[in-house]
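Biologist: Could you take me closely through one part of this model, the charged pairs and the ligand site beside them, and then place it among a few other local features? I am a first-year student, so please explain each term when you use it.

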Amino acid sequence: RSSAAVADKDLLSKTGSEKNNRAKVALDTNPPKGTRDFYPPDMRLRTWLFNQWRDVAALYGFSEYDAPVLESESLYTRKAGEEVTQQLYNFVDKGDRAVALRPEMTPSLARMVMAKKGGLNLPLKWFSIPQCWRYERMTRGRRREHFQWNMDIWGVNGIEAEAELLSAMVTFFKNVGLTSEDVGIKLNSRGVIGEVLTELGVPEEKFAATCVLVDKLEKVRRYFTDVICCRHSQEKFKVPIAAIQGELEELGLETSTIEKLTDVLTNTSIESISAVLPKDSVAVKELTQLFELCKAYGIEDWVMFDASVVRGLAYYTGVVFEAFDRKGVLRAIAGGGRYDKLLETFGGDPTPAAGFGFGDAVIVELLKERDVLPTFEGSGYDTVVFAMNSDLYGVAINVASTLRAEGQSVDLILEAKKTKWVFKHASRNEAKHCVIVAGNEYENGEVSIKDLSIGEQKTVKIDALSDWAKDVSQK
Ligand SMILES: OCc1cccc(Br)n1
């Protein structure tokens, strides 16, 4: 039996409450460490955000898919030292299977594509909003779960896929009231690091792990940038390099290589990066083309080149990008890139792919900070219906049913309540109307309806309630 079950039993027996089954020790009503409850107002915000994501996915012709939150651990046993694999929420189940709560969705997507082998009509434009998990020592009190909007295009070799994904991301930002002054998207290509490391004689099998380390550098850099406030200067990379020097040397990278990398990583223009890369650099060519396509989408104000962006996932192979808040206060808002080799690492056929992940936490922090977050306090149903006295409750049920048949969301008051209480309840829940079933009006075949937005009350014939409902729904 699990230790927790034993503990609970002990607890019950210790408190001698086994008999009446009421534990004397208060239940811990918090959700598990690092997880969140969504009460109705929180759920209304979450539903609003997810609907914004769904709307954009629909605009761009993406289809929704899903996969189990539980996957075989083997999907994530990459050896590149990524944070996401080092913090796996994994366990051995009762069937002795090594399983994990998914830390990201892309491997599940790759598994689903591979399961169908050639049976899928490429290209695929698929999206999902999975809850993803990590088990991080609560040293930093960070969350262990988040919901992450995933948008992926499979089967397209060209940079057009990345441009379409960037456009979809920008459309979302615009739809929720953010501008290119609030958010930027840094673009880079792992080809840049790849070409530099190749020139320096570093074997290709070290590229992924180097990128993962450099991504830490990026995080360390951001920390040191705040501390040392010397943006875009070589010094910044010197100091943080020390923080990962050991790991870089473990990778077998010479100090001269590390120095050369820091020169490359501080480039923030295509022109300057072209000067340190081979003349016929593929990375420069694809990035130049990507910026031209961004111009065609009219999103050039949102995107910029930044050679320090490599993202922390080992499987990216080409263009990578990261959305950030221009004030530099929050962590990355979203990130993505091209991952052409992921299926091969699972033993599948080479299939080009690109996509992004967009978490539900940072964006909400940003919307709050920019004061563009809608409010969701009220339940927002249309009408409250109540009977002034219990012998009219059957009439109230009929009234509610008539209004519901016309598509109105109705909160039928299920108990005897004072009118004052009902009006307060209706206003607190931002209902639009309140229908009162009372004796004298009922004798005339009528009910009384209060318009809560203007506070006026009028009587309506019960057999005219359907027309009334149609009429108010048009307003
Ligand atoms: O962004 C990395 C990540 C993965 C799973 C759960 C959470 Br919270 N964060």
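Modeller: Let us begin with glutamate 136, which counts as buried because its relative accessibility is 4%; buried means under 20% relative accessible area, exposed means over 50%, and partly exposed lies in between, with a 1.4 Å probe and only protein chains considered. This is a predicted model, in which local features need pLDDT of at least 70 and side-chain atom pairs count only at pLDDT 80 or more, while totals for chains, interfaces and linings use all residues. Residues are numbered from 1 along each chain as its sequence is written, and side-chain values use heavy atoms, with hydrogens and water left out.

Glutamate 136 forms a salt bridge with arginine 142, and their closest N and O atoms are 3.0 Å apart. A salt bridge here is a side-chain nitrogen of Lys or Arg within 4 Å of a carboxyl oxygen of Asp or Glu. Arginine 142 itself is partly exposed, with a relative accessible area of 23%. Arginine 142 also forms a salt bridge with glutamate 83, where the closest N and O atoms are 3.8 Å apart. Because arginine 142 sits in the loop between β6 and β7 while glutamate 83 belongs to helix α3 (residues 83-86), this pair ties together parts that are 59 residues apart in sequence. Helices (H or I, at least four residues) and strands (E, at least two) are DSSP runs, numbered from the N terminus. Glutamate 83, at 35% relative accessibility, counts as partly exposed.

The ligand site comes next, and the residues around the ligand are Pro103, Cys132, Trp133, Arg134, Arg143, Arg144, Glu145 and His146, where a residue is near a molecule if one of its heavy atoms lies within 4 Å of it. Taken alone, the ligand exposes 290 Å², of which the protein buries 79%; such areas come from the Shrake-Rupley method with a 1.4 Å probe. Two elements, β6 (131-133) and β7 (145-154), give two or more residues to this shell. By class, the shell holds three nonpolar, one polar and four charged residues; Ala, Val, Leu, Ile, Met, Phe, Trp, Tyr, Cys and Pro count as nonpolar, Asp, Glu, Lys and Arg as charged, and the others, Gly among them, as polar. One of the shell residues, arginine 134, has an N or O atom in its side chain that is 3.4 Å from a nitrogen atom of the ligand.

Returning to charged pairs elsewhere, the count by the rule above comes to 21 salt bridges. Among them, arginine 331 pairs with glutamate 365, and the closest N and O atoms are 3.7 Å apart. Arginine 331 lies in the loop between β10 (319-325) and β11 (334-338) and glutamate 365 in helix α13, so this pair ties together parts that are 34 residues apart in sequence. Arginine 331 is partly exposed, with a relative accessible area of 40%, and glutamate 365 is also partly exposed, at 34% relative accessibility. In addition, Asp182, Lys327, Glu369 and Arg370 are linked in a network of salt bridges.

Some features of the backbone also deserve a careful look. Leucine 122 and proline 123 are joined by a cis peptide bond, with omega about 0°, and proline 123 lies in the loop between α4 (106-115) and β5 (124-128). Lysine 117, which lies in the loop between α4 and β5, has a positive phi of about 45° although it is not a glycine. With a relative accessible area of 67%, lysine 117 is exposed. Aspartate 371 likewise is not a glycine yet has a positive phi, of about 60°, and it is found in the loop between α13 (362-369) and β13 (383-387). Aspartate 371 counts as exposed, at 66% relative accessibility.

Finally, lysine 417 is found in the loop between β14 (410-412) and α15 (419-428), and at 28% relative accessibility lysine 417 counts as partly exposed. Lysine 417 and leucine 178 are 239 residues apart in sequence and, C-alpha to C-alpha, 45 Å apart in space.

Notes
A polar contact is a pair of N or O atoms within 3.5 Å; within protein, one must be able to donate a hydrogen and the other to accept it, and residues adjacent in sequence count only if both atoms are side-chain atoms.
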